[in-house]
Amino acid sequence: MSLKFLGQFLRHPRSTGAVWPSSPALAAAMAAAVPAEALLIVEYGPGTGVFTAALRRAHPQARLVAIEYNPAFHAALAARFAGDPLTEPVLGSAADVAAILAARGLSAPEAIVSGLPFTSLPAALGETILAETARLLGAEGRFVLFQYSRARIGLISRHFARIEARRVWANLPPAWVLGCDNR
């Protein structure tokens with residue numbers, strides 16, 4: 001998986017955002033930041049499925065809609081989770097999350113988890129995704145994301161009233177896990 005990830009980064013650096021998959025420690029921290037009672041979780045940019053697998057372990061009863069933009073990652077994710085009826089990989093853009101959920105007859109999720117590289121996404125796209133995420137989650141939902149730097153905290157704080165940051169050192173490179181909400 002690591003070489004596949006590196007290859008996709010070399011072909012699509014703005015949308016892949018990392019040269020190596022996230023560590024198990026980062027995946028566990030992301031999954032732990034999702035509320036235990038979440039029954040519908042949306043994942044943006046699942047890549048090779050490191051966070052997806054951690055979310056499945058931590059929240060085995062939750063329905064998980066994993067939105068992946070990269071066709072190669074989507075195909076690998078679909079194969080990896082083919083036997084899991086509660087995990088649905090979707091080829092698409094996180095900017096279209098509301099339409100993707102509506103097409104499945106789903107309401108607002110309790111949590112949205114993101115592996116998207118907000119520091120390298122075009123600014124307008126990042127703004128659109130964050131605005132739609134905040135709108136969908138409302139006052140009760142939680143947005144969990146990781147970033148390698150805190151450079152986009154200002155952008156994120158325009159959409160979420162509260163941001164909790166935790167540093168995960170056991171990742172290459174070390175990353176920040178951000179838990180965001182409007183409570």
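Leaving aside neighbours within four places in sequence, Thr-52 is in contact (heavy atoms within 4.5 Å) with Glu-43, Pro-46, Leu-64, Leu-77, Phe-81 and Thr-87. Thr-52 lies in helix H4, where helices (H or I, at least four residues) and strands (E, at least two) are DSSP runs numbered from the N terminus. At 0% relative accessibility, Thr-52 counts as buried; buried means under 20% relative accessible area, exposed over 50%, and partly exposed in between, with a 1.4 Å probe and protein chains only. The model is a predicted one, in which local features need pLDDT of at least 70 and side-chain atom pairs count only at pLDDT 80 or more, while totals for chains, interfaces and linings use all residues. Residues are numbered from 1 along each chain as its sequence is written, and side-chain values use heavy atoms, with hydrogens and water left out.

The sheet offers a good frame for the rest of the description. It is open and has 7 strands in the order S3-S2-S1-S4-S5-S7-S6, with mixed pairing; two strands pair if DSSP finds at least two bridges between them. Strand S3 (87-91) and S6 stand at the edges with a single partner strand each, so one side of each is left without a neighbour in the sheet. Neighbouring strands are turned by 20 degrees against each other on average, direction ignored. S4 and S5 run parallel and are joined by 4 bridges, and Ala-111 stands opposite Arg-142 in S5.

Helix H4 packs on this sheet, touching strand S1 (40-44), strand S2 (63-68), S3, S4 and S5, and its direction makes about 165 degrees with that of S1. H7 also packs on the sheet, where it touches S1, S4 and S5, and its direction makes about 150 degrees with that of S5. These angles run from 0 to 180 degrees between N-to-C directions, with axes fitted as lines to C-alpha atoms, for helices over the stretch in contact. Within H7 (residues 123-137) lies Ala-131, which counts as partly exposed at 33% relative accessibility.

Turning to helix H5 (residues 71-80), its buried residues are Phe-73, His-74, Ala-76 and Leu-77. They cover an arc of only 165 degrees around the axis, which puts them on the same side of H5; the arc is that of the directions from the helix axis to the C-beta atoms. The exposed residues Pro-71 and Ala-79 are carried on the face turned away from the buried side.

Finally, the peptide bond from Leu-172 to Pro-173 is cis, with omega near -10 degrees. Pro-173 is found in the loop between strands S6 (162-168) and S7 (175-181).
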